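Got the model open in your viewer? Follow along, selecting residues as they come up.

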Amino acid sequence: MHILPFSMPVKPFKMRGIGPHRPIIMALVALLLILPVGAIFVAWQSHVASEIYQDYQIGQHAVPVDARIDGECTTRKSIFTSCKTTITYRGYTVKKSFSFFSTGGDIYARALADANDPSRLTLDVAVEKVVNRSMGVLLFGGLGLLMIGTAIYVVLVRVPRYRRILAAINRPEAQPWQLVAVPCLSTGNAGKDAVYQAEIDGKTHKIGLSFGKQENRAWTFQTPGGQHYLLAFVPNGGGVPVALDRKLLAVAGLNKEEKSKLAAELKRAAAAAKAEC
């Protein structure tokens with residue numbers, strides 16, 4: 001990390017985020033989007049798993065029956081087949097929907113009934129694909145659990161960590177801030193995203209700036225040697241660097257004109273730093 005010569009051209013302000021990431025938005029996205037979607041995936045696959053187990057049980061004592069079968073199977077992307085059918089036999093009607101990995105082709109199915117309970121009906125293809133269908137449960141159920149785990153991690157670990165970082169730099173005694181150039185561990189998304197590391201609570205952590213499709217990017221520059229650096233502010237006397245974005249959306253308390261003055265000074269500092277870092 002290199003401390004850069006810099007004279008703040010505007011009044012003191014606050015940082016409300018690290019690059020594009022604001023703690024309150026992170027928490028809302030995790031709680032209102034990632035967590036519910038993950039829970040839906042897990043609930044959905046739990047239901048699918050129970051149907052697979054039922055088909056497995058029927059398959060242990062299955063007998064072919066002359067039942068009416070209505071419905072169809074459709075193959076998508078040449079790898080995934082979904083079937084929606086209705087089986088009618090001796091006054092019993094069962095709606096059967098299931099999916100499995102397949103390369104397509106004609107599917108011929110016949111109805112099966114539990115020898116001990118003729119009301120329990122299924123298709124032979126559903127029984128034959130029990131292992132195949134279970135792989136889908138593991139895949140989509142695992143994805144749901146991953147989303148739930150990610151949401152919990154963001155809310156309980158990342159958001160509190162970012163709040164502590166921002167609280168430290170926004171203290172009155174942290175002024176005047178220092179401008180620093182922090183080495184990037186990596187860049188991506190056509191140079192819009194960046195990852196750097198900092199010591200937080202005695203441990204080294206990676207901090208990533210991800211802009212997706214936003215018309216914004218990390219404030220990085222590249223030296224003649226090819227190393228990428230990220231502009232950031234640190235509290236007076238040292239601390240965790242708070243990275244900047246090109247549009248200064250992480251900056252709070254400045255009007256458009258003041259942000260323009262700050263951006264111009266940051267550009268000059270970055271240009272001068274290319275030869276120093």
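Start by selecting Arg-120, which counts as partly exposed because its relative accessibility is 23%, and being buried would take a value under 20%. Keep in mind while you look around that this is a predicted model. Now add Asp-114 to the selection: its side chain and that of Arg-120 meet in a salt bridge, at 3.3 Å from N to O. Asp-114 is buried, as its relative accessible area is 6%. So this pair has a buried acidic partner and a partly exposed basic one. As a rule, side chains of opposite charge can pair when their charged atoms come close.

How many salt bridges does a search of the whole structure find? The count is 9, and the tour calls at some of them.

Next, select Asp-55 and Lys-96. Their side chains form a salt bridge too, with 2.6 Å from N to O. Asp-55 sits in helix H1 (residues 23-60) and Lys-96 in strand E6 (residues 92-101), so the pair ties together parts that are 41 residues apart in sequence. Buried or exposed, what is Asp-55? It's buried, since its relative accessibility is 0%. Lys-96 is buried as well, at 5% relative accessible area.

Now jump to helix H4 (residues 256-276) and pick out Glu-265 and Arg-268, which are 3 residues apart there, about one turn of the helix. They form a salt bridge whose closest N and O atoms are 2.5 Å apart. Arg-268 is exposed, with 51% relative accessible area, while Glu-265 counts as buried at 18%. Before leaving the salt bridges, go back to Asp-55 and Lys-96 and add Arg-133: salt bridges that share partners join these three into one network.

Time for the surface. Select Arg-217, Arg-246, Lys-267 and Lys-274, which form a positive patch there. Where is Arg-246 placed? Look in the loop between strand E15 (242-243) and strand E16 (251-252). Arg-246 is partly exposed, because its relative accessibility is 34%.

For a surface patch of another kind, select Ile-24, Ile-25, Leu-28, Val-29, Leu-31, Leu-32 and Leu-33. This one is nonpolar, and together its residues have about 640 Å² of accessible area. Zoom in on Ile-25, which belongs to helix H1. Ile-25 has a relative accessible area of 45%, so it counts as partly exposed.

On to a pair of strands. Show E11 (residues 193-200) and E12 (residues 203-209) as cartoons: they run antiparallel, and 7 bridges join them. To see one spot along the pairing, select Val-195, whose bridge partner in E12 is Gly-208. In a regular strand, side chains alternate between the two faces of the sheet. Then move to the turn of this hairpin, where 2 residues lie between the strands, and find Asp-201, which takes a positive phi near 55 degrees.

Last stop: Asp-124, in helix H2 (residues 124-128). Asp-124 is buried, as its relative accessibility is 13%. Which distance separates Asp-124 from Val-63 in space? Draw a line between their C-alpha atoms and you should get 9.8 Å, although the two are 61 residues apart in sequence.

Methods. Residues are numbered from 1 along each chain as its sequence is written. This is a predicted model: local features need pLDDT of at least 70, side-chain atom pairs count only at pLDDT 80 or more; totals for chains, interfaces and linings use all residues. Side-chain values use heavy atoms; hydrogens and water are left out. Patches are made of residues with over 30% relative accessible area and no salt bridge: like charges are joined within 9 Å, nonpolar side chains (Val, Leu, Ile, Met, Phe, Trp, Tyr) within 5 Å. Accessible areas come from the Shrake-Rupley method with a 1.4 Å probe; for residues, only the protein chains shown count as cover. A salt bridge is a side-chain nitrogen of Lys or Arg within 4 Å of a carboxyl oxygen of Asp or Glu. Lys and Arg count as positive and Asp and Glu as negative; His and the chain ends are not counted. The place of a charge is taken as NZ of Lys, CZ of Arg, CG of Asp or CD of Glu. Helices (H or I, at least four residues) and strands (E, at least two) are DSSP runs, numbered from the N terminus. Buried means under 20% relative accessible area, exposed over 50%, partly exposed in between (1.4 Å probe, protein chains only). Two strands pair if DSSP finds at least two bridges between them.
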